[in-house]
Amino acid sequence: MNLYRFEVTIKQEPIHVVIVAESDEQAFQLVDIELEKHYLKMPEVDDISLYEKRKIKNGAGFVLTDFETIL
């Protein structure tokens, strides 16, 4: 299993999405699913970027800060 951190751009605003998945393909699919669950109406997504990926062994995590974006 892997822990993925994505940066999704919606209306020029970066949003961080963290996903646990077996593969990169599954992780990208799960980003769409999580966005659909979060918003009442699915917004138009400008960009989805894989920001970080880590193997989950005994544990894994990310620190998210306001200024840390790839834009």
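## Phe28 and the aromatic cluster

Let's start with Phe28, which counts as partly exposed at 34% relative accessibility. Keep in mind that this is a predicted model. Why is Phe28 placed between buried and exposed? Its 34% falls in the range for partly exposed residues, because buried means under 20% and exposed means over 50%.

The ring partners of this cluster sit on the other side of that lower cut-off. Phe6 is buried, with a relative accessible area of 0%, and Phe6 pairs with Phe28 edge-to-face, at 4.8 Å between the centres and 75 degrees between the planes. That pair ties together distant parts of the chain, since Phe6 belongs to strand 1 and Phe28 to helix 1, 22 residues apart.

Overall, the count comes to 2 aromatic pairs. In the pair of Tyr4 and Phe6, the ring centres are 6.0 Å apart and the planes meet at 20 degrees, so this one is stacked. Tyr4 is buried too, at 1% relative accessibility. Put together, the ring pairs join Tyr4, Phe6 and Phe28 into a cluster.

## The nonpolar core

Which residues make up the largest nonpolar core? There are 10 in all: Tyr4, Phe6, Val8, Ile10, Val17, Ile19, Ala21, Ala27, Val31 and Leu35. Strand 1, strand 2 (13–21) and helix 1 each put in at least two residues, and strand 1 gives the most, with 4.

Ala27 is a handy spot to look at in the viewer. Leaving aside residues up to four places away in sequence, Ala27 touches Tyr4, Phe6, Ile19 and Ala21. Tyr4 and Phe6 turn up here again as members of the core, as well as being in the ring cluster with Phe28.

## Salt bridges

How many salt bridges does a search of the whole structure find? The total is 4. One of them joins Glu52 to Arg5, with the closest N and O atoms 3.1 Å apart. Here, too, distant parts of the chain are linked: Glu52 is in strand 3 (residues 45–55) and Arg5 is in strand 1 (residues 2–10), 47 residues apart. The two ends have their own settings, as Arg5 is buried at 0% relative accessible area, whereas Glu52 is partly exposed at 22%.

Glu52 also meets Arg54 in a salt bridge, at 2.7 Å from N to O. Arg54 counts as partly exposed, with 34% relative accessibility. Arg5, Glu52 and Arg54 are therefore linked in a network of salt bridges, because a bridge here is a Lys or Arg side-chain nitrogen within 4 Å of an Asp or Glu carboxyl oxygen.

Over in helix 1, Lys37 and Glu34 make a salt bridge, with their closest N and O atoms 2.9 Å apart. The two residues are 3 apart in helix 1 (residues 24–38), which means about one helical turn separates them. Lys37 is exposed, with a relative accessible area of 58%, and Glu34 is partly exposed at 33%.

## A nonpolar patch on the surface

Now for something on the outside: Met1, Val20 and Ile56 make a nonpolar surface patch of about 230 Å². Met1 lies in the segment before strand 1 and counts as partly exposed, at 43% relative accessibility.

Conventions:
Residues are numbered from 1 along each chain as its sequence is written. This is a predicted model: local features need pLDDT of at least 70, side-chain atom pairs count only at pLDDT 80 or more; totals for chains, interfaces and linings use all residues. Side-chain values use heavy atoms; hydrogens and water are left out. Buried means under 20% relative accessible area, exposed over 50%, partly exposed in between (1.4 Å probe, protein chains only). Patches are made of residues with over 30% relative accessible area and no salt bridge: like charges are joined within 9 Å, nonpolar side chains (Val, Leu, Ile, Met, Phe, Trp, Tyr) within 5 Å. Accessible areas come from the Shrake-Rupley method with a 1.4 Å probe; for residues, only the protein chains shown count as cover. A nonpolar core is a set of buried Ala, Val, Leu, Ile, Met, Phe, Trp, Tyr and Cys residues joined through side-chain atoms within 4.5 Å. Contact means heavy atoms within 4.5 Å. Rings of Phe, Tyr and Trp (its six-membered ring) pair if their centres lie within 6.5 Å; planes under 30 degrees apart count as stacked, over 60 as edge-to-face and the rest as tilted.
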